[in-house]
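Here are my comments on the model you passed on, set out point by point for your consideration. Please read them with the coordinates open.

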Amino acid sequence: MSFENLANDPFFVSGLKLLNNVDDKKFVRLVDRMIQDFEPNRLSSFTELELASMEKSLKLNNNQCQCLLNCLNQLLKEVISDVTKPLILKNVLSTLFSLNGKKVELFCECWSTNAEQVVSRLQQNFTHSYRLKDVNWALNISSNVGIELSDPEPRCLIELKVEDSQYHNEPKIKEVILDLNERELKNLYDTLETIKVKLDSLSD
């Protein structure tokens, strides 16, 4: 989901309104905690006791508290997946999401402080199982089986040799074969280009 789609989500917008009313010091502690503990496939890192304490501290009922946390979680998921630069983030928060000026500054400060550590941790989590060791490829011309005189379909065979990183003393190499047609290959290429742009942005 893009920032623009989030801005059109009524539930997300309701969460933003609640965030705008949170005390600045409590806002910083909450954002800082959620950034540091962020996991893309986990909705909340808070225990029931912590949630009850938060509701009391922020003077929110359970539904409002969940709305606020879901809003922050969606926002962080987008910010972290895009590795959004602070200057761009500041513009998004103030212009697109209409977060008040002080909250924008505090959120950007929290993100700037934790970004490198969080992104590094998530990258390690994503790559701990397998490491790419080698890539081979070949073009394979095939025709539709059972249909005579049909035009052959060009396909690309990509062999990925990956090492199971859990086998430290005795590396275990696995071969993964991708059999792609032209459209599928283009989708893969576009995805890799997007990843490269994101990586390049980290070194700017």
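The numbered points below go from the overall fold to the core, and then to individual residues and charged pairs.

1. The model is a predicted one, and the remarks that follow should be read with that in mind. The secondary structure of the protein chain amounts to 8 helices and 3 strands, and, taken from the N terminus, the elements follow the order α-α-α-α-α-α-α-β-β-β-α. Of the 204 residues in the chain, 31% count as buried. Among contacts with a separation of 6 or more, 62% are between residues 24 or more positions apart. The chain exposes about 13500 Å², of which carbon and sulfur atoms supply 53%.

2. The largest nonpolar core holds 43 residues, and the members that touch the most others are L68, L69, L93, F97 and F107. At least two residues of this core come from each of α1 (3–7), α2 (10–20), α3 (24–36), α4 (48–58), α5 (62–82), α6 (86–96) and α7 (101–127). As general background, nonpolar side chains in soluble globular proteins tend to be buried together.

3. Which residues does L93 contact once its neighbours within four places in sequence are left aside? The contacts of L93 are L75, S98, L99, V104, F107 and C108. F107 is also named with L93 among the core residues that touch the most other members. S98, another of these contacts, is found in the loop between α6 and α7, and its phi is near 55 degrees, a positive value in a residue other than glycine.

4. A second positive phi in a residue other than glycine belongs to K59, where the angle is near 60 degrees. K59 is placed in the loop between α4 and α5, and it counts as exposed because its relative accessibility is 76%, against a cut-off of over 50%.

5. L106 deserves a separate look as a link between parts of the chain that are 78 residues apart in sequence, for its C-alpha lies 6.4 Å from that of V28. L106 is found in helix α7 and is buried, since its relative accessible area is 11% and the limit for buried is under 20%. With neighbours up to four places away in sequence left aside, L106 is in contact with D24, F27 and V28.

6. Is E159 buried or exposed, and which side chain of opposite charge is nearest to it? E159 is buried, yet it has no salt bridge, and the nearest side chain of opposite charge, that of K161, is 4.3 Å away. This distance does not meet the requirement that a side-chain nitrogen lie within 4 Å of a carboxyl oxygen. E159 is found in strand β2 (residues 153–164), and, not counting residues up to four places away in sequence, it touches D134, V135, N136, E175, V176 and I177.

7. The structure holds 7 salt bridges, and in general side chains of opposite charge can pair when their charged atoms come close. R33, D37 and E50 are linked in a network of such bridges. Within this network, D37 pairs with R33, the closest N and O atoms being 2.5 Å apart, while the side chains of E50 and R33 meet at 3.3 Å, N to O. The pair of E50 in helix α4 and R33 in helix α3 links distant parts of the chain, 17 residues apart. The three residues are each partly exposed, with relative accessible areas of 28% for D37, 26% for R33 and 30% for E50.

8. Another salt bridge joins E184 to R155, with the closest N and O atoms 3.8 Å apart. This pair also links distant parts of the chain, E184 being in helix α8 and R155 in strand β2, 29 residues apart. E184 is partly exposed, at a relative accessible area of 28%, whereas R155 counts as buried, at 16% relative accessibility.

9. Finally, L192, I195 and L199 make a nonpolar surface patch of about 280 Å². L199 lies in helix α8 (residues 182–203), and this leucine is partly exposed, with a relative accessible area of 48%. L199 can therefore be counted in a patch, given that membership calls for over 30% relative accessible area.

Conventions: Residues are numbered from 1 along each chain as its sequence is written. This is a predicted model: local features need pLDDT of at least 70, side-chain atom pairs count only at pLDDT 80 or more; totals for chains, interfaces and linings use all residues. Side-chain values use heavy atoms; hydrogens and water are left out. A nonpolar core is a set of buried Ala, Val, Leu, Ile, Met, Phe, Trp, Tyr and Cys residues joined through side-chain atoms within 4.5 Å. Buried means under 20% relative accessible area, exposed over 50%, partly exposed in between (1.4 Å probe, protein chains only). Helices (H or I, at least four residues) and strands (E, at least two) are DSSP runs, numbered from the N terminus. Contact means heavy atoms within 4.5 Å. Patches are made of residues with over 30% relative accessible area and no salt bridge: like charges are joined within 9 Å, nonpolar side chains (Val, Leu, Ile, Met, Phe, Trp, Tyr) within 5 Å. Accessible areas come from the Shrake-Rupley method with a 1.4 Å probe; for residues, only the protein chains shown count as cover. Lys and Arg count as positive and Asp and Glu as negative; His and the chain ends are not counted.
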